[in-house]
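Grab a coffee and open the structure viewer. Below are a few exercises, each with a solution worked through in steps.

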Amino acid sequence: MIALRLHANSSFVQNLFRRVSIANGEVRIHNFCGVSRRCDIENKPRKRSLSVGSAPNLDRVRKMSDSSTAGTSGIGVSGKAEISCKKNRLALEKSPYLLQHATNPVDWYPWGDEAFEKAKKENKLIFLSVGYSTCHWCHVMEKESFENEDTAEIMNRYYVNIKVDREERPDVDKMYMAFIQATVGGGGWPMSVFLTPNLEPLAGGTYFPPTEMLGRPSFKSILRSIANQWEEKRAAILNSGKYSLDILKKVSEKDLNQNSRDKISVPDEKCVQKCLQQFIRSYDNAFGGFSSAPKFPQPSNFNFLFHVYSKDKESPEGIEALEMCLHSLRRIAYGGIHDHVNSGFARYSVDGKWHVPHFEKMLYDNAQLSVNFCDAYVVTKDEFFSEVVHDILTYVTRDLGHELGGFYGAEDADSYPEPGAREKKEGAFCVWEYPELENHLDFEKENISVLQLFCYHYGVKKQGNVPAQYDPHGELLNKNVLCCFGSYEETAEKFGITISKLKEILRECHDILYKERQKRPKPITDTKMVTSWQGLMISGYAKAGFALKEQKYINRAILAANFVKKFLYDEESRTLWRCCYRGDKNEILQINHPIKGFLDDYAFLIRGLLDLYEASLDSDWLQWAEALQETQDRLFWDPIGMGYFTSPSGDPSIKIRGKEDQDGAEPCGNSVSVHNLLRLAAYLDRQDLRSKAGRTLTTFSERLKTIPIALPEMMSALLLYHNSPTQVFIAGETGDNKTEALLDVVRSRLMPGRVLAVTDGPEGRGGLLYRRHESLARLRPVAGKPAAYVCRNFACSLPVTDPSELANSLDWGCKPGRSDDSTINLEAFQALSSRDCSSSGEEAPGGQEEK
C-alpha cells in the first residue's frame with residue numbers, strides 16, 4: 001500500500017521522522033529481524049535487498065511446541081515440557097494463528113474495542129504482534145518469548161497485548177507494516193509494534209531475540225525501556241505517535257493523483273515498453289525469475305509478459321517476453337521449490353536457483369501458478385506444463401480442499417521429524433537422507449539402477465545437497481531437497497531411455513516415497529478459508545478446466561463458488577465476509593462478528609467468477625460477478641481521488657484507509673479490478689465500468705510511468721484498456737459437437753482478457769447476455785451450422801463455421817496493424833445485424849464491440 005511510496009520517497013520520509021524525533025523525543029530501540037536462511041519476509045516486486053537486519057546466532061533457538069488447536073490439522077506428537085493449560089482470550093477466537101497463542105501466559109487480546117478501551121482506561125501502551133499460522137519466525141518468537149513466564153509478566157504489567165492474524169486483518173497489517181518499513185527499512189513477520197492507547201505507532205520491528213545478541217538488546221530490555229520512557233516522557237511520546245501517523249497519512253497520498261472525478265488521463269503504451277525493459281534488466285538468464293536470493297515466483301510478472309507476447313507474437317519483444325516466461329516456469333517446476341513427491345509449490349526459495357525452499361505452501365501461490373502453467377501450455381502445447389497444472393490441482397484438492405468446496409489457506413513449513421520428537425524442524429516432512437532413498441529405491445528397471453537414475457535426476461548426494469549457508473541451524477544437515485538442475489531430456493539421454501520411460505520410472509519412485517512420507521508427522525494446515533484466495537483458486541480450476549478440457553476441474557470450481565455463496569456471502573446486504581473456519585468436526589464456523597470483506601476479496605472473487613463463466617458458459621456466475629462489482633464500487637470507490645481503497649469505511653481503528661499500489665506475491669486489488677471492469681464492460685455493454693477502469697488507471701498513472709515493474713498486473717490491464725478485449729461469440733447450442741469444435745479453437749489460443757459467449761438463445765445459459773446486448777439476439781447459426789463471430793478494436797469478423805477459419809481469424813487479429821476483407825467496422829456491423837439473415841442462410845456479420 002504505502003510501502004513503495006515510502007521506498008521511492010525515502011529521503012523525504014527519513015527527514016520527516018528525523019524532525020519528529022528531534023521535536024518530540026523519539027522512542028529509541030534497535031529494530032531487529034532474524035533474517036538468516038528463512039526469514040518470513042515481505043515479498044516486494046522491486047529489485048533491492050530484502051534483508052532487514054543482521055543474521056543472529058540462533059544456535060539456542062528452540063522450535064514452537066505442538067499445540068492442539070481447533071482449526072489446524074496435522075500429526076504432532078511431542079515430548080515437550082509442560083505449559084500452563086490456562087487459556088487467554090484468544091481461546092474464544094477461530095483463527096488458527098490466534099488459537100496457537102491461546103495457552104501463552106501473555107494476556108493476549110484480539111484486535112478490537114475491548115483491548116482499545118482497556119489501554120485508554122489504564123493509560124497503557126499497546127504491544128501489537130502480527131503474524132500468521134505458518135510463519136516460521138512467528139513460531140520462534142512465541143517459543144522464546146511469549147511462552148516465557150518472565151517475559152509474559154513484563155508484558156502483562158506494562159502493556160495491553162494484542163495479537164493479529166494478518167490474513168484475517170490485512171488492513172491492520174498493511175497500516176503498521178508501512179510504519180515499520182519507514183523506520184526500519186524493511187519488513188516481515190512477526191511484526192512487533194508499540195502503539196499509544198490511540199493506536200498511533202511509536203516504535204517497532206519484526207523478530208526480537210530473547211537475550212542480547214550481536215550487540216542488540218533483548219526483547220525484555222526493550223519492553224522495560226519503552227515502559228520507562230512512557231512513564232517519564234509521556235507527553236512527548238504521545239506527540240511522537242501523533243506526528244508519526246500524520247507523516248504516514250501524507251506519504252500515503254503523496255503520489256496518487258488527486259484529479260477531479262471528471263478528468264481521465266490514462267498512461268499510453270510507452271509504459272509497457274518501459275516495464276518490459278525493467279524486467280529484461282532484472283531477469284536471471286541462468287535460472288529464470290527476476291531477482292537474486294530469496295526468490296519468489298511472483299505470478300503477476302508472468303501474466304504481464306504473456307500479455308506482451310500475445311499482443312505481437314512475432315516481434316522481438318514478444319518473443320523475448322515468452323522466452324522469459326517459459327524458461328522461468330521450467331526452472332521453477334524442476335526446482336526444489338516444487339514438491340516433486342507430494343506435489344504443489346512452496347512459497348519461495350532462499351537461494352537464487354529455486355533449490356532450497358521456505359517449505360510453507362500457500363494457497364494463493366499455487367492458485368496463481370496453476371494459471372501461469374496453463375498459459376504456458378496453451379502457448380506451447382507442451383505437456384510438461386499441463387502435467388504441472390495437474391500436479392498443483394492434485395495437491396490442492398487432496399491437501400487443501402474441504403469436502404464442501406472451500407480451500408484452506410496454507411501448510412506449515414515446520415513439523416516433527418519423527419513421532420515422539422521433542423522439537424519441530426523446518427522442512428522435516430519434505431527432505432530425504434541418502435540411506436532412506438537407498439532403502440526404498442534400490443531396485444532395477446530394464447537393467448537400470450532406479451536409485452542411480454533418481455539421484456542423478458534430483459541432484460541427491462550421500463552427504464546431502466543443501467549448501468551450508470542456507471542451513472545455519474543445521475536442520476538440513478545430510479538432507480537432500482529434490483531439485484533437478486538439468487531436464488528430462490538430459491536424464492533420459494544419460495541413461496539411454498525415452499522421456500516417457502523416464503517419467504514412468506520417476507512416477508513409480510514418487511509413489512513409493514509419497515507413501516513413506518505419509519508415515520511422518522505432518523505439518524499443520526491453516527484451515528482458515530479466505531475469500532480472496534477462494535477467488536484465486538476458482539480461477540485456477542476454471543482456467544485449467546477450460547484449457548485442458550477437464551470437466552472435473554470446472555466442477556471443482558463450481559463447488560468452490562457455491563461454497564463461497566453459502567458461507568462467505570450475505571445475500572441480504574450483497575456483501576462478502578473475509579473468511580470462515582473449519583471446526584473440530586469438519587463443520588464450517590463463523591465468528592460472532594464476522595470480518596467484513598476487503599477489496600481483494602471482491603476483486604479476486606469477481607475475477608474467479610468471470611473465469612468460471614467462460615469455462616462453464618453459465619451466465620448466473622456472470623450475474624453474480626456484476627452484483628459483487630456494484631457492491632465493491634459502493635464500499636471501496638474513492639469518489640474524489642478515484643481508484644479503490646483497500647478496506648471499507650466505518651472502522652475507527654483503521655487510521656489510514658490506503659490504496660494498494662504494488663503487485664507482489666498476490667496482485668493488488670486495484671490491478672485486478674481494472675481487468676474485471678473491462679471484461680464486465682464488454683460482456684454487459686456497460687460503458688460506465690470501462691470509464692471506471694480508466695479512472696483507476698489515471699489514479700496510478702504516476703506509478704505506471706515511473707516504476708511500472710511494481711505493477712505488472714495493472715500493466716497487463718493497461719494493455720487491455722488500450723486494445724480492448726477480444727470478443728468471441730458462438731451462435732450455436734452448447735453441447736453440439738460443432739459448437740465444441742469452435743470452442744476448442746478458442747481453448748488453444750492465448751488471449752488475455754478474452755470475452756467468450758455461446759449465444760444459445762434468450763432461454764439458454766447465456767440469457768443474461770441477451771438482456772444486455774440487443775445485437776446478440778440477431779446472431780444466428782449459418783446454414784444450420786454453429787457460427788463464430790470475432791470482434792476486436794471496434795472491428796468484427798464475418799461469421800465463420802469452420803474451425804480452421806476461426807483459427808485464422810483469431811491469429812490474424814493478433815498481428816498489429818493488419819486487417820483483411822473479412823472484417824467490417826462496428827457501424828457497418830450494427831446496420832447489417834439488424835437484418836434477419838437466418839432464412840436465406842446469408843452470412844450475418846459479427847457481434848457488438850464496446851463503444
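**Exercise 1.** Find the bridge partner of Met529 in S21, then place the two strands in their sheet.

*Solution.* Keep in mind that you're looking at a predicted model. Start with the pair itself: Met529 has Cys580 in S21 as its bridge partner. Next, zoom out to the strands. S18 and S21 (residues 579–582) run antiparallel, paired over two bridges. Now add the remaining strand: the order is S18-S21-S22 in an open, antiparallel sheet of three strands. To finish, check the ends. S18 (529–530) and S22 (588–589) are the edge strands, each pairing on one side only.

**Exercise 2.** Work out the strand order of the open five-stranded sheet, and say why one side of S3 and of S8 is left without a neighbour.

*Solution.* Walk across the sheet and you'll read S3-S5-S4-S7-S8, with mixed pairing. Then look at the ends: S3 (108–110) and S8 (201–205) sit at the edges with a single partner strand each, so one side of each has no neighbour in the sheet. Last, check the twist. Ignoring direction, neighbouring strands here are turned by 30° against each other on average.

**Exercise 3.** In which sense do S4 and S5 pair, and which helices pack on their sheet?

*Solution.* Take the strands to begin with. S4 (residues 125–131) and S5 (residues 159–165) pair in the parallel sense, over seven bridges. For a landmark, use Leu125, which stands opposite Tyr159 in S5. Now bring in the helices. H5 (residues 136–146) packs on the sheet and touches S3, S4, S5 and S7 (191–195); the direction of H5 makes about 140° with that of S4. H6 (residues 149–158) also packs on this sheet, touching S3, S4 and S5, and the direction of H6 makes about 110° with that of S5.

**Exercise 4.** Describe the largest pocket: how much space lies in it, and what lines it?

*Solution.* Volume comes up front: about 1000 Å³. Then count the lining, which comes to 37 residues. If you want to centre your view, pick Trp111, Gly112, Arg169, His593 and Ile595, which lie nearest the middle of the pocket. Next, ask which elements contribute. Two or more lining residues come from each of H4 (113–122) and S5, and H4 has the largest share, with four residues. Finally, sort the lining by chemistry: 14 residues are nonpolar, nine are polar and 14 are charged.

Key:
Residues are numbered from 1 along each chain as its sequence is written. This is a predicted model: local features need pLDDT of at least 70, side-chain atom pairs count only at pLDDT 80 or more; totals for chains, interfaces and linings use all residues. Side-chain values use heavy atoms; hydrogens and water are left out. Two strands pair if DSSP finds at least two bridges between them. Axes are lines fitted to C-alpha atoms, for helices over the stretch in contact, and angles run from 0 to 180 degrees between N-to-C directions. Contact means heavy atoms within 4.5 Å. On a 1 Å grid over the protein atoms alone, a cavity is a set of points where a 1.4 Å probe fits but cannot get out, and a pocket is an open set with protein on both sides within 12 Å along at least five of seven lines; lining residues have an atom within 4 Å of a point. Grid points are joined across faces, edges and corners, and a volume is the space filled by probe spheres set on the points. Ala, Val, Leu, Ile, Met, Phe, Trp, Tyr, Cys and Pro count as nonpolar, Asp, Glu, Lys and Arg as charged, and the others, Gly among them, as polar.
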